[in-house]
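Visitor: I would like a close look at one part of this model. Please take the charged side chains that pair up, and go through them slowly.

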Amino acid sequence: MEFNTHMQAALAEARAAAKRGEVPVGAVVVDPAGNIVAAAGNRTRELNDPTAHAEILALRAACAQAGSERLPGHGLYVTLEPCAMCAAAISAARIARLYYGASDPKSGGVAQGAKVFSHPQCHHVPEVFDGIAAAESEAYLKAFFLHKR
């Protein structure tokens with residue numbers, strides 16, 4: 001089986017978020033056949049909503065399209081390691097596979113910090129693949145914050 005990444009689509013969402021003045025994080029949800037069914041970038045500032053992370057927005061759109069709160073067999077590509085809030089939403093949505101780019105030592109909730117998927121209270125644990133296009137994801141984030149500071 002050939003590995004097909006959709007990280008470039010997530011990176012495009014991150015670039016669009018940066019152009020809107022948002023932290024450049026992008027996410028895409030793919031169905032079991034590998035088709036992109038939802039895509040989003042951060043919109044926390046635009047929407048004045050602390051939950052408007054790219055992952056949450058992409059999950060909401062994919063669930064609305066599916067007509068279900070769960071997305072079994074689906075994959076999620078995100079440019080940055082999900083925070084604890086997003087990791088919990090990924091688990092609740094029953095995402096089968098999580099692919100992410102840059103690790104997030106400050107706010108990550110998968111391999112760093114809270115490590116949501118390792119808790120006994122976590123009802124569903126996706127397969128996790130990290131480091132996909134990590135250098136490109138990190139470069140967007142560093143450039144964004146360099147201009148902010």
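Is R15 buried, partly exposed or exposed? Please start there and then go on to the salt bridges.

Guide: This is a predicted model, and what follows is computed from it. R15 has a relative accessible area of 31%. Buried would need a value under 20% and exposed a value over 50%, so R15 counts as partly exposed.

The partner of R15 is E136: the two form a salt bridge, and their closest N and O atoms are 3.9 Å apart. The cut-off for such a pair is 4 Å, so a distance of 3.9 Å falls within it. R15 sits in helix α1 (residues 7-19), while E136 belongs to helix α5 (residues 134-148). With their positions 121 residues apart in the sequence, the pair links distant parts of the chain. E136 has a relative accessibility of 30% and is also partly exposed.

How many salt bridges are there by this rule? The count is three. The other two can be taken together, as E46 takes part in the pair with R20 and in the pair with R43.

Take R20 and E46 to begin with. Their side chains meet in a salt bridge with an N to O distance of 3.5 Å. R20 lies in the loop between α1 and β1 (26-30), and E46 lies in helix α2 (residues 44-47). These positions are 26 residues apart in sequence, so the pair ties together separate parts of the chain. R20 is partly exposed at 31% relative accessibility, and E46 is partly exposed at 42%.

Next come R43 and E46, whose side chains form a salt bridge at 2.4 Å, again N to O. R43 has a relative accessibility of 28%, so R43 too counts as partly exposed. Through shared partners, the salt bridges join R20, R43 and E46 into one network.

For contrast, consider G26, which is found in strand β1. The relative accessible area of G26 is 0%, which is under 20%, so this residue is buried. What does G26 touch, leaving aside residues up to four places away in sequence? Its contacts include A10, E13 and A14, as well as A40, G41 and A54. Y77, V78 and T79 are also among them. In the case of T79, the C-alpha atoms of the two residues are 5.7 Å apart in space, although G26 and T79 are 53 residues apart in sequence.

Methods: Residues are numbered from 1 along each chain as its sequence is written. This is a predicted model: local features need pLDDT of at least 70, side-chain atom pairs count only at pLDDT 80 or more; totals for chains, interfaces and linings use all residues. Side-chain values use heavy atoms; hydrogens and water are left out. Helices (H or I, at least four residues) and strands (E, at least two) are DSSP runs, numbered from the N terminus. Buried means under 20% relative accessible area, exposed over 50%, partly exposed in between (1.4 Å probe, protein chains only). Contact means heavy atoms within 4.5 Å.
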